[in-house]
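Colleague: I'm still new to reading models like this one, so could you pick one residue, look at it closely, and then walk me outward from there? Plain language, please!

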Amino acid sequence: MILPVYIMRKNELRRFANNQLNNDSRGSHRTQQFRRFVIHRVIDDLFKLRQCPAKWYGLTQSHILALVLHWNKQKVKPATMMKYMTVIRYFLRFIGHEIDGIDNQTLKIKRIKPKLKYAPTVNKPTHPIARIVFDLQSEFGLTFSEAIRLTPDIHLREHSVWLTREITFNSQDRLIPLRHEEQFMILQSLRELTNNHHNLISAQGQHAVCHAYRASMHDVGLSPTQSYRYLYARQQYNFLSNSLSHREVTLLLMREMGLKSRTTLWGYLHE
């Protein structure tokens, strides 16, 4: 049986919250709606737990811990709980009632990283031309077409590769930062093969490049028709995830690889 006191407290929390929410016009309409949803869910869940304080200013860390435990039992995803807590902390600051010890780390809310397939160990082709084409795909995320059209003195910068729309698969410029020493060594090899101001096609001939690539890839048991961009996606995801969130890494890799669909990136990371 629900005691009348809990009903009264729930109504008081809702009345006060609605008044505050109606007076807070910050953020987009969608942000305001989500803020209202979260605060009302907090009130409803505290009511279910029989832990409604008499007023918002009576809310403590213990109430928040109870909510997190309740959400865990309901299998609310950690990423969703983080969004809830962002709204809760914002609302408490807005009403002048900040609570210590309700940060994600203290509450032990940890984002679960998706399980990824690690970049497999492959026998790289040994022919210099084939090796460069393969490395540009696996270490820079280029397509085969982009790799054989990359011209050092046009597309290489001190700490990045600038792919211009004339050679990209989607006719859009994109920038790929250099993060590893191996990338610098690969680009140096490309400069030597192309005399710096040619691409592989103009320096070696398209027929010779394609023949060398096909033959050398077959020699090491790799398909010359498969794209190896996925190796770049997996390697960079694992590296960047040490300092960035899943969403930040996803957006960054999509921009670097010129992808429009998250599904495509998901395929590179998981399939």
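Modeller: Let's start at isoleucine 43: if you skip its neighbours within four places in sequence, isoleucine 43 is in contact (heavy atoms within 4.5 Å) with Lys10, Leu13, Arg14, Ala17, Cys52 and Trp56. Before we go on, keep in mind that this is a predicted model, where local features need pLDDT of at least 70 and side-chain atom pairs count only at pLDDT 80 or more, while totals for chains, interfaces and linings use all residues. Residues are numbered from 1 along each chain as its sequence is written, and side-chain values use heavy atoms, with hydrogens and water left out.

Back to our residue. Isoleucine 43 sits in helix H2, residues 29-48 (helices are DSSP runs of H or I with at least four residues, strands are runs of E with at least two, and both are numbered from the N terminus). Is isoleucine 43 buried or exposed? With a relative accessibility of 0%, isoleucine 43 counts as buried (buried means under 20% relative accessible area, exposed means over 50%, and partly exposed is in between, using a 1.4 Å probe and protein chains only). One of its partners, lysine 10, is 33 residues away in sequence, yet the two C-alpha atoms are 6.5 Å apart in space. Another partner, Cys52, is buried as well, at a relative accessible area of 2%.

Since we've met a cysteine, how many disulfides does a search of the whole structure find? The search comes up with zero (a disulfide is a pair of cysteine sulfur atoms within 2.5 Å). Cysteine 210 is buried too, at 17% relative accessible area.

Now let's move along the chain to a pair of helices. Helix H3 covers residues 61-73 and helix H4 covers 78-94; they pack at an angle of about 155 degrees, with axes 12 Å apart (axes are lines fitted to C-alpha atoms, for helices over the stretch in contact, and angles between N-to-C directions run from 0 to 180 degrees). That angle makes H3 roughly antiparallel to H4 (under 35 degrees is roughly parallel, over 145 roughly antiparallel, 65 to 115 roughly perpendicular, and the rest oblique). Which residues meet there? From H3 you have Ile64, Val68, Trp71 and Asn72, and from H4 you have Met81, Tyr84, Met85 and Ile88. Sorted by class, this contact has seven nonpolar residues, one polar and no charged (Ala, Val, Leu, Ile, Met, Phe, Trp, Tyr, Cys and Pro count as nonpolar, Asp, Glu, Lys and Arg as charged, and the others, Gly among them, as polar).

In the loop between H3 and H4 you'll find lysine 75. Lysine 75 is exposed, at 72% relative accessible area, and its phi is near 60 degrees, a positive value in a residue other than glycine. Asparagine 195 also has a phi near 60 degrees, again positive and again not in a glycine. Asparagine 195 lies in the loop between helix H8 (181-194) and helix H9 (200-204), and is exposed at 51% relative accessible area.

The loop between H8 and H9 is home to histidine 198 too. Histidine 198 is partly exposed, with a relative accessible area of 28%. Leaving out neighbours within four places in sequence, histidine 198 contacts Leu150, Thr151, Pro152 and Ala203. Take threonine 151: it is 47 residues from histidine 198 along the chain, but their C-alpha atoms are separated by 5.4 Å. Threonine 151 is in the loop between H6 and helix H7 (152-155) and counts as buried, at 7% relative accessibility.

One more helix pair to finish with. H5 and helix H11 (residues 229-240) pack at about 35 degrees, with their axes 5 Å apart. H5 brings Phe134, Gln137, Ser138, Glu139 and Phe140, and H11 brings Arg229, Leu231, Tyr232 and Gln235. By class, that contact has four nonpolar, three polar and two charged residues. Threonine 143, in the loop between H5 (128-140) and helix H6 (144-149), touches Gln137, Phe169 and Arg229, not counting neighbours within four places in sequence. Threonine 143 counts as buried, at 15% relative accessibility.
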